[in-house]
Amino acid sequence: MLDKLQQIIGKGKIRQNVSLGVYSTFKLGGKAEYLVQAETEEDIINAVQAAHTFKLNITILGGISNVIIGEGGIKGIVIRNLTSDKKVIQDEKDFVLLEVSSGYYITRLAKETAEMGYEGIEFHYGLPGTIGGAVYMNSKWSGHQPTKYVGDVVHTAKTIDREGKQNIRDKAYLKFAYDYSFIQETKEIILNVTLKLKKNVPKQLTERCMQAMDYRRRTQPYGVATSGCFFKNVNGQSVGKMIDDLGLKGYSIGGAEISTIHANFIVNKQNATPEDVRKLVDYIKKKIKKAYNVDIEEEVIFL
Ligand SMILES: Cc1cc2nc3c(=O)[nH]c(=O)nc-3n(C[C@H](O)[C@H](O)[C@H](O)COP(=O)(O)OP(=O)(O)OC[C@H]3O[C@@H](n4cnc5c(N)ncnc54)[C@H](O)[C@@H]3O)c2cc1C
């Protein structure tokens, strides 16, 4: 099968049985049956075509900062999205339309757009992962009131479906909401994203980048293996505060620990396994249900 896949995808671009943990921010997880390191949009399109031709499952991953890959790994083709093009496609007096590859790292994008005087992404400076993952998740920055969502500045997204059909999806189609975009249901793969960014003074925007980073460093565990906030807030209430109020900071199962700095973060303290994380998550859910009678839901995706 590898030979056949290589014919479509390219010889140096696909490998078999590749550990994914090393690429994930949580530093854990199993192997990809086949891993494609996609550096261009064409690499993604070829991988989709190959998966369709040979009826293989296909999964796209960006920064692997919001997923836990199980020990059994991921069957079929996994695309690790390393695409990184960016160009202004429309330049008006007050705004630009900026087309960005879905694999573009969002922190790099925040810095570059701020320096160019394009407003809208700067609050996401310090957010791990790619713009594709951030659109899929509608990632947010709640260090600012009102909360800033990545979806706020999305104009369109170019997608490809599992059969290889490409579409331009507008904002209405994407139905952004808290931790949600419609892509979670359609399972389309985002090839690129066009952002509508207002023009502003670069200094003001770069200062916002620094404020966001400073806030992250003060309030979140930094430089550790984690997937960020693990649970979605419920009815506008902070799940981190609920966990903290139960005195669970520092509680651990196996190598997985509830951060001592931010109770909604689970950290890979010592060679945690996906199973350790699963058990800790179930434990937290039970405790929250018992104490507050609410069901909490994971923001992080178990694959
Ligand atoms: C330290 C830390 C801090 C964090 N802070 C925040 C925060 O402030 N706010 C916040 O909202 N999140 C935060 N996160 C979570 C995470 O960084 C974001 O959700 C991020 O946007 C995910 O992007 P990614 O590229 O890593 O996606 P991945 O984790 O690789 O993938 C997430 C999901 O998106 C899908 N996906 C990825 N790329 C594409 C694509 N091109 N097309 C279609 N689907 C795709 C994947 O299949 C998967 O289902 C944090 C995480 C960490 C580790």
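A polar contact here is a pair of N or O atoms within 3.5 Å. Keep that cut-off in mind as you tour this predicted model.

**Stop one: the ligand's polar contacts.** Select the ligand and Pro 128. A backbone N or O atom of Pro 128 sits 3.1 Å from a ligand oxygen atom. Now add Ile 64, where a backbone N or O atom is 2.9 Å from an oxygen atom of the ligand. Next, bring in Lys 140: one of its polar backbone atoms lies 2.7 Å from a nitrogen atom of the ligand. Switch on a surface if you like, since the protein buries 93% of the 980 Å² that the ligand exposes when taken alone.

**Stop two: the shell.** Widen your selection to the 32 residues that surround the ligand. The closest are Ile 60, Ser 65, Thr 130, Ser 139 and Lys 140. Colour the shell by residue class and you will find 13 nonpolar, 15 polar and 4 charged residues. Which element gives the most to this shell? That is α4, with 5 residues. At least two residues each come from β3 (58-61), α4, β9 (140-141), β13 and β14 (226-229).

**Stop three: helix α3.** Move on to residues 106-116, which form helix α3. Show the side chains of Ile 106, Leu 109, Ala 110, Glu 112, Thr 113 and Ala 114, the buried residues of this helix. Their packing partners are β6 (86-91), β7 (95-101), β8 (118-119), α4 (131-137), β13 (189-199) and α7 (202-219). You have met two of these partners already: α4 and β13 also supply residues to the ligand shell. Finish by clicking on Gly 117, just after α3, where phi is positive at about 85 degrees.

Terms used
Residues are numbered from 1 along each chain as its sequence is written. This is a predicted model: local features need pLDDT of at least 70, side-chain atom pairs count only at pLDDT 80 or more; totals for chains, interfaces and linings use all residues. Side-chain values use heavy atoms; hydrogens and water are left out. Buried means under 20% relative accessible area, exposed over 50%, partly exposed in between (1.4 Å probe, protein chains only). Helices (H or I, at least four residues) and strands (E, at least two) are DSSP runs, numbered from the N terminus. Contact means heavy atoms within 4.5 Å. A residue is near a molecule or strand if one of its heavy atoms lies within 4 Å of it. A polar contact is a pair of N or O atoms within 3.5 Å; within protein, one must be able to donate a hydrogen and the other to accept it, and residues adjacent in sequence count only if both atoms are side-chain atoms. Accessible areas come from the Shrake-Rupley method with a 1.4 Å probe; for residues, only the protein chains shown count as cover. Ala, Val, Leu, Ile, Met, Phe, Trp, Tyr, Cys and Pro count as nonpolar, Asp, Glu, Lys and Arg as charged, and the others, Gly among them, as polar.
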